[in-house]
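Welcome, and thanks for opening the viewer. Let's walk through this model together, one selection at a time.

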Amino acid sequence: MTATQTTAKTAAAALALDFVLLHVDSPAASAAFYADLLGQSPVEASPTFAMFKAGNGLMLGLWSRHTVEPAATAPGGGEIAFTVADETAVRDLYADWSARGLTILQQPTAMDFGHTFVAQDPDGHRLRVFAPNQEDPQSEQVRS
């Protein structure tokens, strides 16, 4: 390995995913949606931006697609995933989110990685809830 490759590998290993930013039509409306969904208030809010503590040090930012630079392209297209304990938790959260009126894109179903359903936020971002298969050795890494 060359010195440049070693430096690049060290720099990449030092990177941490600390922030997820979603470009939204109305930060205030999206903040209200996520405050209800997450059961917490944003830690920061302004007319063009809102931020939530998402857990494990991760932050969720909601930035106005009308003011972000460089300009944002088409809405949605990404996915936020929430890991839950088991199939019962998937079904319980599905019932809760359905009762709240969230658009459901995928009903609870078994897939190769576990049980899941997918909903959508007001800006078209996908919200996946899943319980990894217990026998899958990577499922422990997902929840770590």
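Accessible areas here come from the Shrake-Rupley method with a 1.4 Å probe. By that reckoning, the protein chain has an accessible surface of about 8,700 Å², and carbon and sulfur atoms account for 55% of that surface. Please keep in mind throughout that this is a predicted model.

**The whole chain**

Start with a cartoon view of everything. You should find 4 helices and 8 strands in the protein chain. Following the sequence, the pattern reads α-β-α-β-β-β-β-α-β-β-β-α. Of the 144 residues, 28% are buried. As for contacts between residues at least 6 apart in sequence, 48% of them join residues at least 24 apart.

**First stop: the sheet with β1 to β4**

Select strands β1, β2, β3 and β4. In what order do the strands of this open sheet lie? The order is β1-β4-β3-β2, with mixed pairing. The edges are β1 and β2 (44-46), each of which pairs on one side only. On average, neighbouring strands of this sheet are turned by 20 degrees against each other, direction ignored.

Now zoom in on β2 and β3 (residues 49-55). These two strands run in the antiparallel sense and pair over 3 bridges. To see one such bridge, pick Glu44 and look for its partner in β3, Met51.

Next, select Ser64, which belongs to strand β4 (residues 58-64). Is Ser64 buried or exposed? Its relative accessibility is 5%, so Ser64 counts as buried, the cut-off being under 20%. Show its surroundings: setting aside neighbours within four places in sequence, Ser64 is in contact with Val24, Asp25, Pro27 and Thr48.

**Second stop: loops around this sheet**

Pick Leu17, in the loop between α1 (3-14) and β1 (19-24). Leu17 counts as exposed because its relative accessibility is 68%, against a cut-off of over 50%. Draw a distance from the C-alpha atom of Leu17 to that of Gly57: the viewer should give 9.1 Å, although the two residues are 40 apart along the chain.

Then select Asn56, in the loop between β3 and β4. What is its phi? Asn56 has a positive phi of about 50 degrees, although it is not a glycine. This residue is also exposed, with a relative accessible area of 84%.

Move on to Pro70, in the loop between β4 and β5. Check the peptide bond joining Glu69 and Pro70: it is cis, with omega at about -5 degrees.

**Third stop: the sheet with β5 to β8**

Select strands β5, β6, β7 and β8. They form an open sheet in the order β5-β8-β7-β6, and the pairing is mixed. Its edge strands are β5 (79-83) and β6 (103-111), each pairing on one side only. Neighbouring strands of this sheet are turned by 15 degrees against each other on average, direction ignored.

Highlight β5 together with β8 (residues 126-132). Over 5 bridges, these strands pair in the parallel sense. One bridge to look for joins Glu79 to its partner in β8, Arg126.

Add helix α2 (residues 27-38) to the selection. This helix packs on the sheet, touching β5, β7 (114-120) and β8, and its direction makes about 15 degrees with that of β8. Add helix α3 as well: α3 packs on the sheet and touches β5, β6, β7 and β8, with its direction at about 15 degrees to that of β7.

Within β7, select Gln120. With a relative accessible area of 24%, Gln120 is partly exposed. Its C-alpha atom lies 6.4 Å from that of Ile104, a residue 16 places away along the chain. Not counting residues up to four places away in sequence, Gln120 touches Phe33, Leu102, Thr103, Leu105, His125 and Leu127.

**Last stop: along helix α3**

Finish with α3 (residues 87-100) on its own. At 1.5 Å a residue, its 14 residues should span 20 Å, and its end C-alpha atoms are 20 Å apart, which agrees. At the start of α3, look at Asp86: one of its side-chain oxygens comes to within 3.2 Å of the backbone nitrogen of Thr88. Just after the helix, click on Gly101, where phi is positive at about 95 degrees.

Notes: Residues are numbered from 1 along each chain as its sequence is written. This is a predicted model: local features need pLDDT of at least 70, side-chain atom pairs count only at pLDDT 80 or more; totals for chains, interfaces and linings use all residues. Side-chain values use heavy atoms; hydrogens and water are left out. Buried means under 20% relative accessible area, exposed over 50%, partly exposed in between (1.4 Å probe, protein chains only). Contact means heavy atoms within 4.5 Å. The expected span of a helix is 1.5 Å times one less than its number of residues. A polar contact is a pair of N or O atoms within 3.5 Å; within protein, one must be able to donate a hydrogen and the other to accept it, and residues adjacent in sequence count only if both atoms are side-chain atoms. Two strands pair if DSSP finds at least two bridges between them. Axes are lines fitted to C-alpha atoms, for helices over the stretch in contact, and angles run from 0 to 180 degrees between N-to-C directions.
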